[in-house]
Amino acid sequence: MKPDESFVSQSVRSLQTMLRLIAKEGGYIPAVIPDGIYGPTTMSAVAAFQRYYNLPVSGITDQATWEKIAEIYDIAIVNIGKSEPIEILFEPGQVFRLGDGGPYLYLTQSMLIWLSGNHLSIPEPNHTGILDRETAEALRAFQRLNALPETGDLDRNTFKNLSKQFTLSAHHNTANPDK
């Protein structure tokens, strides 16, 4: 890509978008507005990026610069972006009952342990990955608080409510650490 004041392109806008995020995360290059024009601000950001990563400093985005920007962008987007939600896929009608185990139970127990610190009526379960008696009691207490059928089993509806309550509680306590 050659810099040109009148050059408008989606690849330039993509470059600028990547540079903007890298600037936000690292602070070692100037922020660029993704306007699609490869002007002096973009050239300056590219040159600063090249300097920082020991690439030949020209302000022009050659293949090596593009690939390094893409690599650093991929890292920055993980560091800056919000986490992707974990999507738990229950089979239709699937229910975990006393004695059942698996990775969903580790997640469930972790959420129940967190919530038990905020709701004294939820007993803290063991972290075993098995729906044992302690976990069933914690689930029953959670279900009671959320007007769900008090089965002590883990079904899709209970898990969705548990995930929502955990997210709200964790966010609240992270946003307000003194509370």
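**A walk through helices and loops**

Asn54 is exposed, with 72% of relative accessible area, and in this predicted model the residue sits in the loop that joins α2 (40-52) to α3 (63-80). Its backbone deserves a careful look, since Asn54 has a positive phi of about 55° although it is not a glycine. A second loop, between α5 (133-145) and β4 (154-155), holds Ala147, which also is not a glycine and has a positive phi of about 55°. Ala147 counts as exposed, because its relative accessibility is 72% and the cut-off for exposed is over 50%.

From the loop of Asn54 the chain leads on to α3. The 18 residues of α3 should span 26 Å at 1.5 Å a residue, and because the C-alpha atoms at its ends are 25 Å apart, the model agrees with that expectation. Along α3, the residues Thr65, Ile69, Ile72, Tyr73 and Ala76 are buried. These buried residues cover an arc of only 120° around the axis, and therefore they lie on the same side of α3. That buried set packs against α1 (10-26) and α2, whereas Gln63 and Val78, on the other side of α3, are exposed.

Further along, helix α6 (residues 156-175) contains Ser169. Is Ser169 buried or exposed? Ser169 counts as buried, because its relative accessibility is 12% and the cut-off for buried is under 20%. Leaving aside residues up to four places away in sequence, Ser169 touches Trp114, Leu115 and Asn118.

Key
Residues are numbered from 1 along each chain as its sequence is written. This is a predicted model: local features need pLDDT of at least 70, side-chain atom pairs count only at pLDDT 80 or more; totals for chains, interfaces and linings use all residues. Side-chain values use heavy atoms; hydrogens and water are left out. Helices (H or I, at least four residues) and strands (E, at least two) are DSSP runs, numbered from the N terminus. Buried means under 20% relative accessible area, exposed over 50%, partly exposed in between (1.4 Å probe, protein chains only). Contact means heavy atoms within 4.5 Å. The expected span of a helix is 1.5 Å times one less than its number of residues. The arc is that of the directions from the helix axis to the C-beta atoms.
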